[in-house]
Amino acid sequence: MRLYVAYLATDGGADAVALGVRLARTMSAQLDIGMVLPPDRSAALHSGDFEDVLTSQATDWLTEATVGLPDDIEIRTHIAFHDSAAEGIITEAQRLGADAIVVGGSGGGIVGGHTLGSVVTELVHSAPLPIVLAPRGLRRSKVTRVREITCALGTRAGADTLFDTAVAASQRAQVPLRVVSLVALDRAAGYRGSPEEALADATRHAHERLDEARSHLPADATVTWDVVDGPTVEEAVNKLEWNDGDLIMVGSSRLAAPRRLFLGSTAAKMLRVLQVPMVVTPAD
């Protein structure tokens with residue numbers, strides 16, 4: 001397994017590296033840390049000089065990024081040039097055979113623990129690989145491994161794939177899996193009943209899905225199921241207990257193209273209040 005960290009020499013980049021190290025250790029994965037730089041568009045310097053200067057600076061930044069990282073993880077660094085930062089990150093991750101892309105917040109349109117800049121926003125609306133979002137300040141955490149995986153499961157098409165992916169991740173990481181059903185999510189998706197009916201439907205769906213899953217869950221799998229309700233997604237999420245070392249997995253919106261990401265409105269609302277990493281998985 002390989003993880004690609006899209007690095008910038010910023011606090012958000014340091015958060016991404018710290019999360020990449022935590023995930024690599026938990027998942028027994030190789031860690032690739034890369035920088036995607038803009039190509040030379042200026043005639044002011046002799047051909048090649050611009051890229052040489054950028055490469056030298058990026059090499060220094062990557063060296064600094066890897067200082068002090070644990071030696072029990074295989075870590076490699078990479079530099080690439082591309083007209084589009086987001087497309088370059090995707091291209092590099094695919095070239096290396098990465099299973100997921102890890103990014104950090106860099107300022108932007110979502111408040112709370114996560115701030116998404118323009119490049120990260122483009123990634124979570126187009127990437128063909130899972131994107132792992134590191135919340136601000138994760139670099140200061142002393143936790144070295146993932147403690148528990150939470151899977152936010154809805155009732156729309158694609159929920160089964162997300163659940164199976166979460167089960168596989170928890171098995172590889174050898175950590176418990178918590179599956180949550182948010183009643184506010186179902187109401188926002190078009191539910192027209194009363195709050196009591198919404199809660200009853202969500203509870204029934206959760207138990208039905210758990211009963212179906214028990215038949216093919218590994219014997220040693222530790223899976224719990226929670227149904228939480230609230231007038232908003234944010235309030236429902238805040239009813240859940242979160243600990244340092246947790247992460248949450250969500251699926252893409254129904255607007256996503258096949259095998260592509262599209263961060264939906266529910267996941268975006270969750271990002272406003274979550275202080276744990278979020279994994280956004282592609283459609284199908």
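Accessible areas here come from the Shrake-Rupley method with a 1.4 Å probe.

**View 1. The whole chain gives us our bearings.** This is a predicted model. By that method, the accessible surface of the chain comes to about 13,400 Å², and carbon and sulfur atoms hold 50% of that area. Of the 284 residues in the chain, 48% are buried. Along the chain you can trace 9 helices and 10 strands. Take contacts between residues at least 6 apart in sequence: 75% of them join residues at least 24 apart.

**View 2. Helix H1 is largely enclosed by the rest of the structure.** Start with helix H1, which runs through residues 11-27. Its 17 residues reach 24 Å from the first C-alpha to the last, close to the 24 Å expected at 1.5 Å a residue. Is this helix mostly covered or open? Of the 17 residues of H1, 14 are buried, so the rest of the structure largely encloses the helix. Just after H1 comes Ser28, and its phi is positive, near 55°.

**View 3. Arg22 of helix H1 forms a salt bridge with Asp244.** The closest N and O atoms of Arg22 and Asp244 are 3.8 Å apart. How many residues apart along the chain are these partners? They are 222 residues apart, with Arg22 in helix H1 and Asp244 in the loop between helix H8 and strand E9. Arg22 counts as buried, at 4% relative accessibility, while Asp244 counts as partly exposed, at 46%. This bridge belongs to a total of 11 salt bridges found in the whole structure.

**View 4. A network of salt bridges links Arg147, Glu148, Arg178 and Asp246.** Within this group, the side chains of Asp246 and Arg147 meet at 2.8 Å, N to O. Asp246 lies in strand E9 and Arg147 in the loop between E5 and E6, so their bridge ties together parts 99 residues apart in sequence. Asp246 is buried, at 1% relative accessibility, and Arg147 is partly exposed, at 37%. Now look at Arg178, another member of the network. Arg178 also lies over the face of Trp242, at 4.7 Å from the ring centre.

**View 5. Lys142 sits in the loop between strands E5 and E6.** Is Lys142 buried or exposed? Lys142 is exposed, with a relative accessible area of 76%. Follow the chain to Gly245, 103 residues away from Lys142, and you will find their C-alpha atoms separated by 9.2 Å.

**View 6. Arg272 and Glu234 form a salt bridge.** Here the closest N and O atoms are 3.9 Å apart. Arg272 lies in the loop between helix H9 and strand E10 and Glu234 in helix H8, so the bridge ties together parts 38 residues apart in sequence. Arg272 is partly exposed, with a relative accessible area of 39%.

**View 7. Two rings, those of Phe163 and Trp225, form an aromatic pair.** The count for this structure comes to 1 aromatic pair. The ring centres of Phe163 and Trp225 are 5.7 Å apart, and the planes make an angle of 35°, so the pair counts as tilted: planes under 30 degrees apart would be stacked, and over 60 edge-to-face. Which elements does the pair link? Phe163 belongs to helix H5 and Trp225 to strand E8, 62 residues apart. Phe163 is buried, with a relative accessible area of 0%, and Trp225 is buried too, at 18%.

Definitions and conventions:
Residues numbered from 1 in each chain as written. Predicted model: local features only at pLDDT ≥ 70, side-chain atom pairs only at ≥ 80, totals over all residues. Heavy atoms only, no water. Phe/Tyr/Trp six-rings, centres within 6.5 Å; stacked < 30°, edge-to-face > 60°. Helix = DSSP H or I, 4+ residues; strand = E, 2+ residues; numbered from the N terminus. Buried < 20%, exposed > 50% of the residue type's maximum accessible area, 1.4 Å probe, protein only. Lys NZ or Arg CZ within 6 Å of the ring centre and 35° of its normal. Contact = heavy atoms within 4.5 Å. Expected span 1.5 Å × (residues − 1). Salt bridge = Lys/Arg side-chain N within 4 Å of Asp/Glu carboxyl O.
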